[in-house]
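Here's a quick tour for anyone meeting this structure for the first time. Have the sequence and the 3D view open as you read.

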Amino acid sequence: MMNRIITAVATLFVCSLQMPAQTLEVQHLANNNAIVRFSPNQEARYLLIPIEEKSPESDIKVICGNSLVRTLNVHLAFDRVDYYVPLDLQEWKGEDVKLLIHLPVDRTNGREQQSEICWSKMFLSDSYAKDNREKFRPSYHHSPEYCWMNDPNGMFYLNGEWHLYYQWGPYGSVWNNMSWGHSVSRDLINWEHRNPVLMPDALGAIFSGSCVVDHNNTAGFGKDAVIALYTSAGDVQSQSLAYSLDGGNSFTKYEGNPILTSDIVDFRDPNVFWNDEIGKWNLILACGQEMRIYSSDNLVDWTEESRFGKSYGCHEGVWECPDLFKLPVEGSDEEKWVLFCNINPGGPAGGSATQYFIGDFDGSRFTVDEVDRYLDGKALWQDYGKDHYAAVSFYGAPDSRHTMIAWMSNWEYANIVPTTQFRSANTIARDPFLYKAGDRIYLGSRPAPEYNAAGLDKTVKISGSCTVTLSNDKGEEFVIVYDQKAMTLSCDRSRSGITDFSQHFDRVAVAPVHRKITSLRIFIDNSSVEVFANGGEVCLTSLVFPDSPFNSLTISK
Ligand code: FRU
């Protein structure tokens, strides 16, 4: 058995990183384990961990004073370094920290293990590279500062600030170690990255959830406390609560967690809102292939009221990330409740998508209108593009709006899109609305008015069937086709640049059209195209990876 201390002296200058402030002591142990020791201080605030995405996952236990303070699953680099991720050591400053690392390889002894490149490429530093702007990094869409992101979580609006938390995997650009990252914006265009607010704990990883502002202190954590409900995902999934007394910048986890348990496997993504009509909180939760609805006076104790979903809509995948709120039907005096149900797979263009149900809700039970629209697997979709998922709304948006943001990717290929330093962005914010076409009601999504004066979009007037082609100097193109006879609007990205990373990527997305289209509003960014017909009656969101951004638009009949 080998038990040798090796001092890995960092000699490489990595990206824009500083020279190492301290050397790391690495001891190679039996059974594919190693211990790395160091003492975080001002010059050694971050441990820069070398990542190679194709390596199998190593398990890292962070140990402080002989207690386990964090566990991470990391694709440690064995043969080459794809990129570095920083582990912020601030909270263990001045202490002796040990990492107990277990490699997922079968090395017969510590000497063999030493050959992995990670040991010589792990550094302590006072900073990490923030200036890494890849060409596919969006210029005005929200994306994480670094590493992996999926669903938007816990969004709320307060005192002029839009708070956006998100499913964040801080130690690599593939899904793992789920936590809540945090960004804030005043204009829905420029986002400031703040410290993450919820990290995994003994109950599990932190999966999706929502936030409310408890103006009347119904939960007893304080007036105006921001209350987060999220899924603790360990061996089982259960619902937990955390509260913030500083406007959402930091949260304390409730000692009585979990507050809601079940014996079913997929039990997640709590979405809470205050329901004025019954003077209580309501909670909607995704449970396998249906939604469960609860009520509460205090956000901690929940009573199940009803279940919705069996035999309605698409059931080709797991139901996830629900939302439920009331909207006026534009051009009438009517109001309707809309239940949002993200589903993966089963979307209209394959993979993940957001279906919706229109109906009524009495604080206890949701009932759909026009049952025939949802029978036999039929479904209505909020966006027919391939890259609109986990759409949920901000709590407390101004002017009674229910502004929504969706994750702009698809589980079919999200982990392998051609970006490295970050993976995934969110859609622009959209205000959902209901409109009538014939005698039916449909959901539309209008770009938030914050974008109106920003000059980010192109609007084209059209009359009758036509093809709108976006292209660049390299001849790459994104083709939008309106077929007035067939009443469809479609997006074809098969010649839009890099598409070959997944066989699922270049499928044409087709949306049904309910009224004649007279205008297309198009938001193009470095790696996305969002198309809104008639101000958002029909929406298609698509990722693209062109050599250079599309800078030309042509219309042909
Ligand atoms: C949806 C989802 C959620 C879950 C989260 C985990 O994309 O699967 O149901 O809470 O992602 O990251």
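**Getting your bearings**

One open sheet has five strands in the order β13-β12-β11-β10-β29, with mixed pairing. β13 (192-198) and β29 sit at its edges with a single partner strand each, so one side of each has no neighbour in the sheet. Strands here are DSSP runs (E, at least two residues), numbered from the N terminus, and two strands pair if DSSP finds at least two bridges between them.

Before going further, note that this is a predicted model: local features need pLDDT of at least 70, side-chain atom pairs count only at pLDDT 80 or more, and totals for chains, interfaces and linings use all residues. Residues are numbered from 1 along each chain as its sequence is written, and side-chain values use heavy atoms, with hydrogens and water left out.

**Strands and how they pair**

- Strands of a sheet pair through backbone hydrogen bonds, either parallel or antiparallel.
- In the five-strand sheet, β10 runs antiparallel to strand β11 (residues 161-169), and seven bridges join the two. Look for Met 149, which stands opposite Trp 168 in β11.
- Elsewhere, strand β35 (residues 488-492) pairs with β36 in the antiparallel sense over four bridges. Thr 488 stands opposite Pro 512 in β36.
- In a regular strand the side chains alternate between the two faces of the sheet.
- Strand β36 (residues 509-512) alternates this way: Ala 509 and Ala 511 point to one face and are buried, while Val 510 and Pro 512 point to the other and are not. Buried means under 20% relative accessible area, exposed means over 50%, and partly exposed is in between (1.4 Å probe, protein chains only).

**Around the ligand**

- Which residues surround the ligand? They are Asn 150, Asp 151, Gln 167, Trp 175, Met 178, Phe 207, Ser 208, Arg 268, Asp 269, Glu 320, Tyr 389 and Trp 411. A residue makes this list if one of its heavy atoms lies within 4 Å of the molecule.
- That shell splits into five nonpolar, three polar and four charged residues. In this scheme Ala, Val, Leu, Ile, Met, Phe, Trp, Tyr, Cys and Pro count as nonpolar, Asp, Glu, Lys and Arg as charged, and the others, Gly among them, as polar.
- β10 (147-158), β14 (205-214) and β18 (267-275) each supply at least two residues of the shell.
- Oxygen atoms of the ligand have polar side-chain atoms beside them: one of Asp 151 at 2.7 Å, and one of Gln 167 at 2.6 Å. In the side chain of Trp 175, an N or O atom is 2.9 Å from an oxygen atom of the ligand.
- Taken alone, the ligand exposes 320 Å², and the protein buries 95% of that. These areas come from the Shrake-Rupley method with a 1.4 Å probe; for residues, only the protein chains shown count as cover.

**Cysteines**

- How many disulfides does a search of the whole structure find? The search finds zero. A disulfide here is a pair of cysteine sulfur atoms within 2.5 Å.
- For Cys 211, the closest cysteine sulfur is in Cys 321, and at 14 Å that is too far for a bond.
- Cys 211 is buried, with a relative accessible area of 2%. Cys 64 is buried too, at 7%.

**Backbone oddities in the loops**

- The peptide bond from Asn 257 to Pro 258 is cis, with omega near -5 degrees. Pro 258 lies in the loop between β17 (252-253) and β18.
- Another cis peptide bond joins Asn 344 and Pro 345, with omega about -10 degrees. Find Pro 345 in the loop between β23 (335-344) and β24 (353-361).
- Asp 224 isn't a glycine, yet its phi is positive, near 65 degrees. It is in the loop between β14 and β15 (225-233), and counts as partly exposed at 33% relative accessibility.
- Ser 424 also has a positive phi, near 100 degrees. This serine is in the loop between β29 (422-423) and β30 (430-437), and at 7% relative accessibility it counts as buried.

**Distances along the chain and in space**

- Gly 248 is in the loop between β16 (237-244) and β17, and is buried, with a relative accessible area of 0%.
- Val 197, in strand β13, is 51 residues from Gly 248 along the chain, and their C-alpha atoms are separated by 8.2 Å.
- Gly 248 and Lys 280 are 32 residues apart in sequence, and 22 Å apart in space, C-alpha to C-alpha.

How values were computed
A polar contact is a pair of N or O atoms within 3.5 Å; within protein, one must be able to donate a hydrogen and the other to accept it, and residues adjacent in sequence count only if both atoms are side-chain atoms.
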